Amino acid sequence: MPLLARRLADLGTENAFKLGDDIQVCLDRGMDVIRFNIGAPDFRSAPHLNRVAVAELEAGNSGYCDAAGIPAFREAIARHVSGTRGIDVGPERVVVAPGAKPPIGYTFQTYVDRGDEVVYPSPGFPIYESWATFVGARPVPLHLSEEQGFAFTADDLGALLTKRTRLIILCSPSNPTGSVLSADDLAGIADVIRDRCHPDVRVYSDEIYEHILFDGAKHHSIASQPGMEERTVIASGHSKGFAMTGWRLGWAVLPTAEEAAVFKQLNINIMSCVPPFLQEGGRAAYEDPATAGVVAHMVGEFERRRDFIVPALNAIEGLRCQMPKGAFYVFPNVAGACERLGVFETCEAMPAESRARTTPSGMLQMFLLYRYGVATMDRASFCRIGSEGQHFLRISIANGMEDIERGVARIERACDDPEGFAEFIANERLWD
């Protein structure tokens, strides 16, 4: 009898956290590591929000509360979504969760049965693919190409839809590519979904980066398109746009109150409730006028960093990087660097079992970390199925400009160091 349940073999991970073990090895060696791996703003939650939570905690607001979220917070979320998406949302359709990850799992558990098909963007947030395999669904990656600016057309989506399609995942602004779906893009996508899918097929619209857009762009949601509000689960939260990662405040707006009740039931079974004093701070993020200026300043800094790092990366021989429109990542193509360093030949010469544990961009990722102290994420960390032959790294620009400048300089030196790469492969033996 095995100790662990067999289904655990189908559960994936998020390598941005898993890489922490390798980072710790480097730190233990005395290295200085620049962390471009994690999607966490280098800003901290605003003082006016901190004060609300502290005051609530000191006032004794620390007990159990409604498993769907305290009414005042759900009302604030409903007003925010109604005002920004142009739809009429009531608090009975809102469920608060500990971060924006639980609504992903809740959506799979609520709507997807074994053998159903799930369409999701790739490269995309790895938890989409992880949950698809875990619940026994058939993963259907919607591959985003560099040539199309990591966007996709309605026809691209339509080609993947079948009678078995049960869930369609959208993410805009996108992690890891920074691409953004326009209102026109979403209108075409909505047309295809309405024409090709049963009304019970659900769209999971991951809008966690809704506040982080550049060049004056505005956020658009597919739920705003005609006939899509009743088909769409809107999910967002406070980690990215309000720099409240450790608060673990996320939420979902469900198409109906009945579906929201299912999410509430899952909360009850898994975590009971989100602490009420944290929810009060989250409510203030939407209701206090001071928040808008804080967010605008942070987004302006991300845009300034983007405007520096993209041309700086493009100036490095072997790298090619597009200009993201939102989120706080850049996603350079590193195929040329892999060619210069001999990564492809090294990977091809590895034993099959070792080669199966990595990719060329994964080997470059580890070379950058172990030899140059730069932590990045490889392409396979963002949905692996069908990603063979794609050579990219994700670099988070949620770091101070000094670290970004130092990190780019280290990457440039690494890309011109084939002897160092050969020595790294010979000595580290990470994939044996």
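A pocket, on a 1 Å grid over the protein atoms alone, is an open set of points with protein on both sides within 12 Å along at least five of seven lines, whereas a cavity is a set of points where a 1.4 Å probe fits but cannot get out; lining residues have an atom within 4 Å of a point. Grid points are joined across faces, edges and corners, and a volume is the space filled by probe spheres set on the points. The model is predicted, with local features needing pLDDT of at least 70 and side-chain atom pairs counting only at pLDDT 80 or more, while totals for chains, interfaces and linings use all residues. Residues are numbered from 1 along each chain as its sequence is written, and side-chain values use heavy atoms, with hydrogens and water left out.

**Pockets**

Select Thr 13, Asn 15, Lys 18, Ser 381 and Arg 384 to begin: of the 27 residues that line the largest pocket, these are the closest to its centre, and the pocket holds about 680 Å³ of space. Helix H6 (126–134) gives the most to this lining, with four residues; helices (H or I, at least four residues) and strands (E, at least two) are DSSP runs, numbered from the N terminus. The lining of the largest pocket divides into ten nonpolar, ten polar and seven charged residues, where Ala, Val, Leu, Ile, Met, Phe, Trp, Tyr, Cys and Pro count as nonpolar, Asp, Glu, Lys and Arg as charged, and the others, Gly among them, as polar.

Move next to the second largest pocket, with a volume of about 380 Å³; of its 22 lining residues, Glu 14, Gly 39, Lys 101, Phe 125 and Lys 240 are the closest to the centre.

**Cavities and the loop after S5**

The whole structure has four cavities of 30 Å³ or more, and the largest has a volume of about 90 Å³. Select strand S5 (residues 165–171), which gives the most to the lining of that cavity, with three residues; the lining as a whole has ten nonpolar, two polar and no charged residues. The second largest cavity contains about 50 Å³, and its lining includes Leu 170, Cys 171, Glu 207 and His 220.

Follow the chain into the loop between S5 and helix H8 (183–196), where Pro 173 lies; a cis peptide bond joins Ser 172 to Pro 173, with omega about -10 degrees. Pro 176 is found in the loop between S5 and H8 too, and the peptide bond to Pro 176 from Asn 175 is cis, with omega near 20 degrees.

**Helix H11 and the core**

Now select helix H11 (residues 290–314), whose 25 residues should span 36 Å at 1.5 Å a residue, in agreement with end C-alpha atoms 37 Å apart; the expected span is 1.5 Å times one less than the number of residues. Among its buried residues are Phe 302, Ile 309 and Leu 313, buried meaning under 20% relative accessible area, exposed over 50% and partly exposed in between (1.4 Å probe, protein chains only).

Ile 309, Leu 313, Leu 364 and Leu 369 touch the most other members of the largest nonpolar core, which has 86 residues; such a core is a set of buried Ala, Val, Leu, Ile, Met, Phe, Trp, Tyr and Cys residues joined through side-chain atoms within 4.5 Å.

**Positive phi**

Finish at Cys 383, which has a positive phi of about 80 degrees although it is not a glycine, and which is buried, with a relative accessible area of 2%.
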